[in-house]
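Welcome! Let's get to know this protein together, one question at a time.

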Amino acid sequence: SSNEGTIVGRGFIIRNVKKEDLPKVIYINEVTLPENYPEYFYEYHLDNWGRAFFLAEVDGRAVGYIMNRIETVMGLSRSFFQKKGHVVSIAVLEGYRRRGIGEALMRAGMKSMKDVYGAKSVYLEVRVSNDPAIKLYEKLGFKKVRVIEGYYSDGENAYVMEREL
Ligand code: ACO
Ligand code: ZN
């Protein structure tokens, strides 16, 4: 199609982020999350794993994003080095939640991490108090695998959640 890689949901589309979209991604991040990053951090993920970096749009307005990366970790005997996907950051603007956008972003990210980048599993950190996000990840089959004490700058703990791809 003319819009390769675009997924059409109920009233929204999911497409890969382009460099000129980064101000919109940064805006969404800054109004939704206390974990904010310098511009070069977004550019680094876009340059390296751009096919796993997605934007959600409603009527042409950017309302959500997911930024991922691929890490190589030591696995078990058979394939010693394994690729693991890492959901670095996902957010949807408040007025656009609970209509499936977060789930669609997660599914697009996981598919790309698996099919494009060869990841065998995917993990993320999430605040232990972040019920909406934890529910989303559990719906997608993620399991809590451990707690990182004081992971966030305000001292809150993180769950590490993970699933196979
Ligand atoms: N309460 C309970 N369950 C919820 C909630 C909620 N508030 N929100 C989502 N869920 C679960 C439900 O199972 C839901 O399915 P259902 O609607 O059929 O019941 C499922 O998640 C999918 O919900 P979506 O509508 O796809 O999710 P949404 O578009 O609202 O986005 C998100 C979820 C991204 C967590 C959103 O709430 C958000 O942006 N929060 C602020 C930013 C944030 O916390 N990001 C995650 C930080 S951790 C990290 O980035 C790795
Ligand atoms: Zn992380």
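Q: What percentage of the 165 residues in the protein is buried?
A: This is a predicted model, and totals for chains use all residues. A residue is buried here if 20 or more other C-beta atoms lie within 10 Å of its own. Of the 165 residues, the buried ones make up 28%.

Q: Which radius of gyration does the protein have, and why does the value agree with a compact globule?
A: The C-alpha atoms fill a box of roughly 45 × 40 × 30 Å along the principal axes. For a compact globule of 165 residues, a radius of gyration near 15 Å would be expected, so the protein agrees with its 15 Å.

Q: In which order do the elements of the protein run from the N terminus on?
A: There are four helices and eight strands to place. Starting at the N terminus, their order is β-β-α-α-β-β-β-α-β-α-β-β.

Q: Are α1 and α2 parallel, perpendicular or oblique to each other?
A: Helix α1 covers residues 22-32 and helix α2 residues 39-49, and they pack at an angle of about 120° with axes 11 Å apart. Angles of 65 to 115 degrees count as roughly perpendicular and those over 145 as roughly antiparallel. The angle of this pair therefore makes α1 and α2 oblique.

Q: How many residues in the contact of α1 with α2 are charged?
A: From α1 come Leu22, Val25 and Ile26, while α2 brings Glu39, Tyr42, Glu43 and Leu46. Five of the contact residues are nonpolar and none is polar, and the number of charged ones is two.

How values were computed: Residues numbered from 1 in each chain as written. Chains lettered and ligands numbered in written order. Predicted model: local features only at pLDDT ≥ 70, side-chain atom pairs only at ≥ 80, totals over all residues. Helix = DSSP H or I, 4+ residues; strand = E, 2+ residues; numbered from the N terminus. Rg over C-alpha atoms; globule rule 2.2 N^0.38 Å. Buried ≥ 20, exposed ≤ 12 C-beta atoms within 10 Å, placed from the backbone. Axes fitted to C-alpha atoms, helices over the stretch in contact; angles between N-to-C directions. Parallel < 35°, antiparallel > 145°, perpendicular 65-115°, else oblique. Contact = placed C-beta atoms within 7 Å. Nonpolar A, V, L, I, M, F, W, Y, C, P; charged D, E, K, R; others polar.
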